[in-house]
Amino acid sequence: MIIIEGCAVATVDADSTEYRDGHVVVDQGRIVAVGPGHAGRHHRPVRRVDGTGCLVTPGLVNTHHHLYQWATRGLAQEEELFGWLRALYPVWAGLDADVVAATTAAGLGWLARSGCTTSTDHLYVHPRGAGDLMAAQVAAAAEIGLRFHPTRGSMDLGRSAGGLPPDEIVEETEAALAATEEAIDRFHDPADNAMLRIAVAPCSPFSVSPKLMTEAAALARRRGVRLHTHLAETIDEEHYCRETYGCTPVEYAERLGWLGDDVWLAHAVHLDDRAVARLAATGTSVAHCPSSNARLGAGTARVRDLLDAGVPVGLGVDGPASQETNQLDAELRQALYAARLRGGPAALTARQALALGTIGGARCLGRAGEIGSIEPGKLADLALWRLDGLGHTGIEDPVAALVLGPPAPLELLLVGGAPVVERGELRTADERDLVRRTRRAHRTLIRKARA
Ligand SMILES: [Zn+2]
């Protein structure tokens, strides 16, 4: 049992309930009480956390990532998406289970340090003979202790068939589908307190055949798991879809059965009004990745319009090769800035940005009943931010301090009530070891690419 008290509380519940001085009580991995003032006496052994000078929020939810890219950062710095991908595909062709294990642990450890308690991943490069990459990911995520929603990604449309990736790193359609179903069989946990759930994630319109898209959707629905893909990220992709399929990316997705309340789409930057309306009408969610979109010069998503239409929107750091910072708390501010650059200072409030990073992300992952807000009965995924240091002192409003101020020191991060970060340090792994393993993974990939 853990009691956090003496802190500000932003619950991000449906009424946006906040307490300037409040408490949260955690028992057996779940939130059992939240309210103003102190928690009162308890007869059981309790860890009391003094939250003076802090703000407690729901743990942040990351809705789009490519953890394997942790070892390939800082490359192709001035490229747009297609040029960037062409430069990086040959490097990623060297992926193996060791690289995936090292980068998963490093990337999730870093995400935990930025207040993230649940993350997805999109691993779509499965070179022949690379080994059991999904098992490597699952084991590494368990080591770090975050709630993990890895997707079994796939590509089957190589260059010779009109796609963007080289033929060497795409799979046969049937093999990709079989491996996807195998990942569900081996790892997916439907329980409401699950630490691991699998989703189905063919990569993008320019790297996946319509057949794989269609059959992947059928597979996911037959097995009751969610669907994820990249869509409408760049103008180049829109041109590709118009030339190849004679329609916009969203029309293409709809034609293939890829709109629905079990689908979350990464990016969705280039949408016309009709596309926004179709996402809203079908309950399709969007993983908004403002820093990655800025790094690649892809454009600025219409987040205000999506929210006004009723589309669930979460935040994603995206792969660290297109967004080297990869801090989810910083993405709250970036989302606010991006929305305001598009729509003016009222386009997104600090509280709306926090909602994107918490309950919005939970909706994308189909877990709004379990995570994403501080409410009795929900899982105890909590971030306690220290706001009384030099970087934040003098900011009147704690939520504004978190969102508009510099990334805040993390006093405590709980996942299902278990501490993952304390006083800014990762408790579940040795960071020096993560650095060593990542450096080795980086060298392996660069050496293989030059060979
Ligand atoms: Zn991506």
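In which strand is the place of Gly314? Gly314 sits in strand β13, where strands (E, at least two residues) and helices (H or I, at least four residues) are DSSP runs numbered from the N terminus.

Before I go on, a word about what we are looking at: this is a predicted model, in which local features need pLDDT of at least 70 and side-chain atom pairs count only at pLDDT 80 or more, while totals for chains, interfaces and linings use all residues. Residues are numbered from 1 along each chain as its sequence is written, and side-chain values use heavy atoms, with hydrogens and water left out.

Back to Gly314, then, which at 0% relative accessibility counts as buried, a word that here means under 20% relative accessible area, with exposed meaning over 50% and partly exposed in between (1.4 Å probe, protein chains only). If you look for Leu177, which is 137 residues away from Gly314 along the chain, you will find that the two C-alpha atoms are separated by 27 Å.

Strand β13 also leads us to the zinc ion. The loop between β13 (313–315) and α11 (328–343) holds Asp318, and Asp318 is one of the protein donors of the zinc ion, together with His64, His66 and His230. Each histidine contributes its NE2 atom and Asp318 contributes OD, and these donors lie 2.0 to 2.7 Å from the zinc ion. By donors I mean N, O and S atoms within 2.8 Å of the metal (3.2 Å for Na, K and Ca), and since water is not among the atoms, sites may look incomplete.

How are the donor residues of the zinc ion spaced in sequence? The pattern reads H-x1-H-x163-H-x87-D. Both His64 and His66 are buried, and Asp318, at 4% relative accessibility, counts as buried as well. Asp318 has another feature worth pointing to, because its phi is near 65°, a positive value in a residue other than glycine.

Why is the arrangement around the zinc ion irregular? The four donor atoms subtend angles of 86 to 175°, and that is why the arrangement is given this name. Four donors count as tetrahedral if all angles lie between 85 and 135 degrees; four count as square planar, and six as octahedral, if opposite donors are over 155 degrees apart and all others between 65 and 115; anything else is irregular.

A positive phi also turns up at Gln28, which is not a glycine either and has a value of about 50°. Gln28 lies in the loop between β2 (18–27) and β3 (30–36), and at 72% relative accessibility Gln28 counts as exposed, whereas Asp318 is buried.

Let me turn to the cysteines. How many disulfides does a search of the whole structure find? The search finds zero, a disulfide being a pair of cysteine sulfur atoms within 2.5 Å. For Cys241, the closest cysteine sulfur is the one in Cys247, and at 6.3 Å it is too far for a bond. Cys241 is buried at 0% relative accessibility, and Cys247 is buried at 1%.

Now to the helices. The axes of helix α4 (residues 173–187) and helix α5 (residues 210–223) come within 10 Å and cross at roughly 20°; axes are lines fitted to C-alpha atoms, for helices over the stretch in contact, and angles run from 0 to 180 degrees between N-to-C directions. α4 and α5 are therefore roughly parallel to each other, since angles under 35 degrees count as roughly parallel, over 145 as roughly antiparallel, 65 to 115 as roughly perpendicular and the rest as oblique.

In the second pair, the axes of α11 and helix α12 (residues 350–364) come within 9 Å and cross at roughly 125°. That makes α11 oblique to α12.

Finally, from α12 we can follow the chain onward to Gly372, which is in the loop between α12 and β14 (382–386). Gly372 is buried at 6% relative accessibility, and although Gly372 and Thr11 are 361 residues apart along the chain, their C-alpha atoms are separated by 8.9 Å. Further on, strand β15 (residues 410–415) contains Leu414, which is buried with a relative accessible area of 0%. Leu414 and Leu379 are 35 residues apart in sequence and 9.8 Å apart in space, C-alpha to C-alpha.
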